[in-house]
Number of protein chains: 2
Amino acid sequence: MENTLEKRILNGIDARRNDIVKFLQDLVRIPSTAGDEGQIQKFIASSLQDMLPKVDVWEPNINELKLHPAYSPVEQQDYRGRPVVVGILKGKGGGKSIVLNGHIDVVPPGPASAWKHSPWSGDVEEGKLFGRGASDMKGGFAAFVMAVKCLLEEEIQLNGDVIIESVIDEEQGGNGTLACILRGYKADAGIVGEPTNLEVHLAHSGSTWFKVKIEGKAAHGGLRYEGVSAIEKAIQIHDALLRLEARRKRSAIHPLFKAYPNPVPLNIGTIKGGVWPSTVPEECVMKGRIGYLPNEMISSVRRQLEDCIKQTAKKDAWMRRHQPKVEWLGLWEASEIAPGHELAKLFKTTYKKVLKRKPRVGASPWGTDMRLLVNYARIPTLLFGPGEMRQAHSVNEWVRIQDVIKATKIIALTLIEWCGYQD
Amino acid sequence: MENTLEKRILNGIDARRNDIVKFLQDLVRIPSTAGDEGQIQKFIASSLQDMLPKVDVWEPNINELKLHPAYSPVEQQDYRGRPVVVGILKGKGGGKSIVLNGHIDVVPPGPASAWKHSPWSGDVEEGKLFGRGASDMKGGFAAFVMAVKCLLEEEIQLNGDVIIESVIDEEQGGNGTLACILRGYKADAGIVGEPTNLEVHLAHSGSTWFKVKIEGKAAHGGLRYEGVSAIEKAIQIHDALLRLEARRKRSAIHPLFKAYPNPVPLNIGTIKGGVWPSTVPEECVMKGRIGYLPNEMISSVRRQLEDCIKQTAKKDAWMRRHQPKVEWLGLWEASEIAPGHELAKLFKTTYKKVLKRKPRVGASPWGTDMRLLVNYARIPTLLFGPGEMRQAHSVNEWVRIQDVIKATKIIALTLIEWCGYQD
């Protein structure tokens, strides 16, 4: 049963549809790959300042982050010009507080020629808004901001605080959210706006990035039998890692992850070997990620990968003497909250009010900043956002505009119930 | 039988040993990878100007080069600041002329950490001079210059002209030597100072560079089964190319190439795929070279490689619809001269005078600028220089100083016999 206030909010969001699309287009049109988040954070800070009494903008101190066990090693060791932005809406008092967390960094779009629309176009076609980050996760972030904006414009005063976190560097590990935690932001619950296709995700798998460096022996290509191709050796490792993936897929079992053909993919994402077409390549580096479940230990997952590489090297005369070197890069721990948590239950109610059906409850197939909020700030958090999961990191990424609107509505209704309100 | 003049020359070269080492060190200490040959050419121009009445320094016109069938496509389409340098010693008249051709560009050294001495050190240890280009082919070029310098300092006047060509961009194809041909430099014979380990090479194999671009389908690494890894597809092509190499090795037969375990290596020198560790790689590019013999047709060699890739793609459902794209880059044609050529015979005589034994006669296992002089300028040319072939393009490249001295001596005696002289 919708009450009058809820109707007003839902109608208000429908009436603001163009503003919501415009805001999301603005976000998508500002490129914001890791290291290059300055411009978008400036835009977001200014947008939040227009609607909220308090906006906190600061550049994280990398040395402080490094002292934390959840620090993610990153190549660009500097946050100058790449601030975190937090907008704070103080409640009247007596209500529960909530964090709405979204990352505004995106992964590189790859060759632009592969895209139908430019990766930074924000073009709308057949109800879809296109661009890198449309799903992952500027769509979810837009829903957060616009839900709060609508409540403010409708002059609904919340009792509990709402904290909107626009974080950087999530795609490389999550140091932006970690910086929020170190700065002291805390709440009774949290939502991270990852693309869940409007499902409610109470868990997510983890992943850890690795780098394998394989040595060869250079020689002129015309005498290539005098050298040892690091690319050929890397291929042996690559093949062995795919066999490891197949073994892990068979043994990975968790009730929230049943929907996935493989909840623990091992992806070799980049390879780079050699310096010259007619020189035998003397070095080859592969980087990738290995997924794991909340019911696995990261240390044992890493050991499986290291052992796999060691065993492969053992079978090769060259690699026995020139061991491939494994380095662990980013880590996104897995995390989960109890299916019976109060926020999860509330979501089911508001979801039904907006969409007239129960939400699908499940888990996300990748690491997210939820883990930092759950495991380190002890903020019970779930994942919810528009955008299909398969759009994330894909060419021609898009988000369905209708889903952004639906998410905005569900968030708005959840906020008034969670925080309490005065009309 | 050495005569007095020959003795004077050989002793003169021994007396100049330190100057020769110093000159080669100077050359090795100036990095000169493709595109970056400006500084070394300045140094060489100035060195030649100190000893020769005429030095020609000019920046090749790429548009003019492109009109020539032997033009090598290069990425950096500009020779500004990268001149060719030619020193001319006019003979008194009545003698045969000769071109002494050497390239001073070198291939990239790869990771400096793999080198014992810095790649640009020129350090001397146990009679070896270390550095990128020491063998390929600053050693041979130093022998040319120092042989001529010695004759000049000994006041021996030659009858025929000597043309010393210091060329750029050989490692990417040979546009520097082509520029010399277009500028009109011509002679009765030629020597290219490639590292032949003091063997006399009357032929060399050819090679052509290729680039294969393989398409995949991007997806988030956590849903990698929704994507198609371009790296995995590239590995299928890589493996097929190695099988092609094995087939070609069995069928490659030429009398001058008997010494080589495989006279036609197919080297995959570089691989680059993917943009992000947790994104399924949607593009992978491999670059390499395929070797061939003077008795093969380049068109048929290229067809073999193209067919191999096509056949491999045919067996794969994804590649059938997303054909790998092959592009042909540099071409170094094979070439050979008749074993009975006058210069080849003279070399046997002067070789015996210096080293008291007959030279080994054979062929070089890679493309060289000899092909341009032989096939396009119709200058009968052979390859001769210090430096072991396996040093070329290798880590810790070195040249034996004693071999540079020996080469200098053989060149000097060859010059006086070939050109004729007045003492």
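A residue counts as buried here if 20 or more other C-beta atoms lie within 10 Å of its own, as exposed if 12 or fewer do, and as partly exposed in between, with C-beta atoms placed from the backbone. Helices (H or I, at least four residues) and strands (E, at least two) are DSSP runs, numbered from the N terminus. This is a predicted model, so local features need pLDDT of at least 70 and side-chain atom pairs count only at pLDDT 80 or more, while totals for chains, interfaces and linings use all residues. Residues are numbered from 1 along each chain as its sequence is written, with chains lettered from A and ligands numbered from 1 in the order in which they are written.

**A covered helix in chain A**

Let's start with helix H6 of chain A, residues 175-182, where seven of the eight residues are buried. They are Asn175(A), Gly176(A), Thr177(A), Leu178(A), Ala179(A), Cys180(A) and Ile181(A). What do the buried residues of H6(A) pack against? Their neighbours are helix H4 (62-66), strand E2 (84-89), strand E3 (98-103), strand E7 (162-167) and helix H11 (370-375) of chain A. Just past H6(A), Gly184(A) has a positive phi of about 105°.

**A cysteine and a core**

Cys150(A) sits in helix H5 of chain A, residues 134-153. Is Cys150(A) buried or exposed? Buried, with 25 other C-beta atoms within 10 Å. Two residues are in contact if their C-beta atoms, placed from the backbone, lie within 7 Å. Leaving aside neighbours within four places in sequence, Cys150(A) is in contact with Ile9(A), Gly12(A), Ile13(A), Arg16(A) and Ala412(A). Cys150(A) and Ala412(A) are 262 residues apart in sequence, yet 7.9 Å apart in space, C-alpha to C-alpha.

A nonpolar core is a set of buried Ala, Val, Leu, Ile, Met, Phe, Trp, Tyr and Cys residues joined through C-beta atoms within 7 Å. The largest one has 227 residues, and those with the most contacts inside it are Leu415(A) and Leu415(B). Again setting aside neighbours within four places in sequence, Leu415(B) touches Ile98(B), Ala147(B), Leu151(B), Leu158(B) and Val162(B).

**Where the chains meet**

Between the chains, 53 residues of A are in contact with 52 residues of B. On the chain A side, the elements giving two or more residues are strand E10 (206-215), helix H7 (230-251), strand E11 (266-273) and strand E12 (283-292). E11(A) gives the most, with seven residues. By class, that side has 25 nonpolar, 20 polar and eight charged residues; Ala, Val, Leu, Ile, Met, Phe, Trp, Tyr, Cys and Pro count as nonpolar, Asp, Glu, Lys and Arg as charged, and the others, Gly among them, as polar.

Two strands pair if DSSP finds at least two bridges between them. An open sheet of eight strands runs E13(A)-E10(A)-E12(A)-E11(A)-E11(B)-E12(B)-E10(B)-E13(B), with antiparallel pairing. Its edge strands are E13 (325-332) of chain A and E13 (325-332) of chain B, each pairing on one side only. The twist averages 20° from one strand to the next; axes are lines fitted to C-alpha atoms, for helices over the stretch in contact, and angles run from 0 to 180 degrees between N-to-C directions.

Here are some of the pairings, all within or across these chains.

| Strands | Sense | Bridges | A bridge pair |
|---|---|---|---|
| E11(A) and E11(B) | antiparallel | three | Ile271(A) and Gly273(B) |
| E11(B) and E12(B) | antiparallel | seven | Gly273(B) and Cys284(B) |
| E4(B) and E5(B) | antiparallel | two | Glu125(B) and Lys128(B) |

Helix H8 (residues 298-314) of chain A lies across E10, E12 and E13 of chain A, at about 25° to E10(A).

**A small sheet and crossing helices in chain B**

Chain B also has an open sheet of three strands in the order E4-E5-E17, paired antiparallel. Helix H5 (residues 134-153) of chain B lies across E5 and E17, running at about 45° to E17(B). H12(B) packs on the sheet too, touching E4, E5 and E17 of chain B, and its direction makes about 60° with that of E17(B).

How do helices H2 (residues 17-29) and H12 (residues 401-419) of chain B meet? Their axes come within 11 Å and cross at roughly 110°. H2(B) and H12(B) are therefore roughly perpendicular to each other (angles of 65 to 115 degrees count as such, under 35 as roughly parallel, over 145 as roughly antiparallel and the rest as oblique). Arg17(B), Ile20(B), Val21(B) and Leu24(B) of H2(B) make the contact with Ile401(B), Val404(B), Ile405(B) and Thr408(B) of H12(B). These residues divide into six nonpolar, one polar and one charged.
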